[in-house]
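Trainee: I'd like to go through this one by asking how each label is earned. Can we have the model up first?

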Amino acid sequence: MIDLYGVVSPNVQKVAIMLEETGLAYRLRHVAIFSGAQFEPAFEALSPNHKVPVIVDQDGPGGTPATVFESGAILIYLAEKARWGLSADPIARSTELQWLMLQMSSFGPMIGQYVHFLRYAPPGSDYALDRYTSQVRDLFAVIDRRLGAAPYLGGDAYSIADISVLPCVRGAILFFPWFADGGEAALAAAHPSIGRWYRELSARPAFDRAVASLDALRAQDEAVLAACGEEDWDRFLKRGRYAVAG
Ligand SMILES: N[C@@H](CCC(=O)N[C@@H](CS)C(=O)NCC(=O)O)C(=O)O
C-alpha cells in the first residue's frame, strides 16, 4: 500500500495519474498546507522542503517502508517499482528523463511563478508578470515543437515525462486567461501538437480516475481555505513576518 500525501494540485495529480496507470494500491492523506500542516515536525520528517506530494510506500524495497518526496523522483520510483512508464533502453530512457527534467526545472516552476504573480502580487508587479508570461509561452512553444516531431515527449512511448506535463496543461486550460474562454479548443488552436497529445492522453481511463480520486480531497482543501486568515496566507507565501531573512 502506498500513502500519497497531498492536496488537489497539479504536482499531486501527476502521482495520482501514475498510480492509476500502474494499478498500484494507494490511499490519500490530506495535508492542510494552507494552514501550515506542512511545517509540523512529523511531516517535515517526510518532506524536508515542506511540500506535497510525498509518498510512503509501505512495501518498499527489502520489505521496509520507503519515503519519496519531489514529484519527479516519485514518478521515477513508481516507474521502477511497476516497471512501467520509463524505457529500459538507455537512449529512450535518457530522452524521457530529459523531458521529465524540463518539466521539473522549467515548465512547473515557471508556471508556478506565473500563477503567483497573476493571483497574489500587489499592483505594480507588471515586470514580473510579463517575465513569467513570456517564459511560460516560450515553454508551451518548446513542448508543442517536440510533440510535432514525436508522438510523446520521450519519443515513441507514453512515459512519466508525459505524466509530469499533463496536469500543467490541464491547469492551463482551466485557469490561464489566454485559454480560459476557449478551453481545450483554444489550446489546440494555439498549440496543435499539444492539443492532439492532450486529447489522446486525457481520454485514458486512468486520467479520469486520477482526477476523480484526487477530487476526494477538494472538500478538505476548501474547508481549510475558508478558515484561512491573513496570517495563514503570509505563512504559505513566505511574506510579511514569515519572509525568510538572509
Ligand atoms: N518541486 C515540487 C513542488 C511541489 C509543490 O510546489 N507543492 C506545493 C503544492 S502544489 C506545496 O506543497 N506547497 C506548500 C508550501 O510551499 O508550503 C514537486 O514537484 O513535488
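Mentor: Let's start with the burial vocabulary: a residue is buried under 20% relative accessible area, exposed over 50%, and partly exposed in between, using a 1.4 Å probe and protein chains only. Before we apply that, note that this is a predicted model, where local features need pLDDT of at least 70, side-chain atom pairs count only at pLDDT 80 or more, and totals for chains, interfaces and linings use all residues. Residues are numbered from 1 along each chain as its sequence is written, and side-chain values use heavy atoms, with hydrogens and water left out.

Trainee: Then why is Arg239 called partly exposed?

Mentor: Its relative accessible area is 29%, which falls in the in-between class, so partly exposed is the right label. Its partner Asp234 has 17% relative accessibility, so Asp234 counts as buried.

Trainee: What makes Asp234 and Arg239 a salt bridge?

Mentor: The term asks for a side-chain nitrogen of Lys or Arg within 4 Å of a carboxyl oxygen of Asp or Glu. Here the N to O distance is 2.7 Å, so the pair qualifies. Salt bridges with shared partners also tie Asp3, Arg27 and Arg29 into one network. Over the whole structure, the search finds 11 salt bridges.

Trainee: How do you know that Arg29 and Asp3 link distant parts of the chain?

Mentor: Their salt bridge has an N to O distance of 3.1 Å. Arg29 is in strand E2 (residues 26–30) and Asp3 in strand E1 (residues 2–6), with their positions 26 residues apart in the chain. Helices here are DSSP runs of H or I with at least four residues, strands are E runs of at least two, and both are numbered from the N terminus. The two ends of the bridge get opposite treatment on accessibility: Asp3 is buried at 2%, while Arg29 is partly exposed at 34%.

Trainee: And which elements does the Arg204 to Glu21 pair connect?

Mentor: The closest N and O atoms of that salt bridge are 2.7 Å apart. Arg204 sits in the loop between helix H9 (192–202) and helix H10 (205–215), Glu21 in helix H1 (residues 10–22), and they are 183 residues apart. Glu21 counts as buried at 16%, and Arg204 is partly exposed at 29%.

Trainee: Stepping back, how many helices and strands does the protein have, and why is it called as compact as a globular protein of its length?

Mentor: There are 12 helices and four strands. The radius of gyration is 18 Å, close to the 18 Å from the globule rule for 246 residues, so the description holds. That radius is taken over C-alpha atoms, and the rule is 2.2 Å times the number of residues to the power 0.38. Of the 246 residues, 48% count as buried.

Trainee: What share of the contacts joins residues at least 24 apart?

Mentor: A contact means heavy atoms within 4.5 Å. Among contacts between residues at least 6 apart in sequence, 64% join residues at least 24 apart.

Trainee: What makes Val136 a buried residue, and what does Val136 touch?

Mentor: Val136, in helix H5 (residues 126–149), has a relative accessible area of 0%, so it passes the buried cut-off. Leaving aside residues up to four places away in sequence, Val136 touches Met110, Ile111, Tyr114, Phe176 and Trp178.

Trainee: Which residues of H12 are buried?

Mentor: In helix H12 (residues 230–237), they are Asp232, Asp234, Arg235 and Leu237. Helix H4 (90–119) is included in what covers them. Just after H12 comes Lys238, with a positive phi near 55 degrees.

Trainee: Where else is phi positive, and what stands out about it at Glu70?

Mentor: Glu70 has phi near 75 degrees, positive in a residue other than glycine. Glu70 lies in the loop between strand E4 (66–69) and helix H3 (71–82), and is partly exposed at 38%. His50, also not a glycine, has a positive phi of about 60 degrees and belongs to the loop between H2 and E3.

Trainee: What kind of peptide bond joins Val52 and Pro53?

Mentor: A cis one, with omega about 5 degrees. Pro53 is in the loop between helix H2 (41–44) and strand E3 (54–57).
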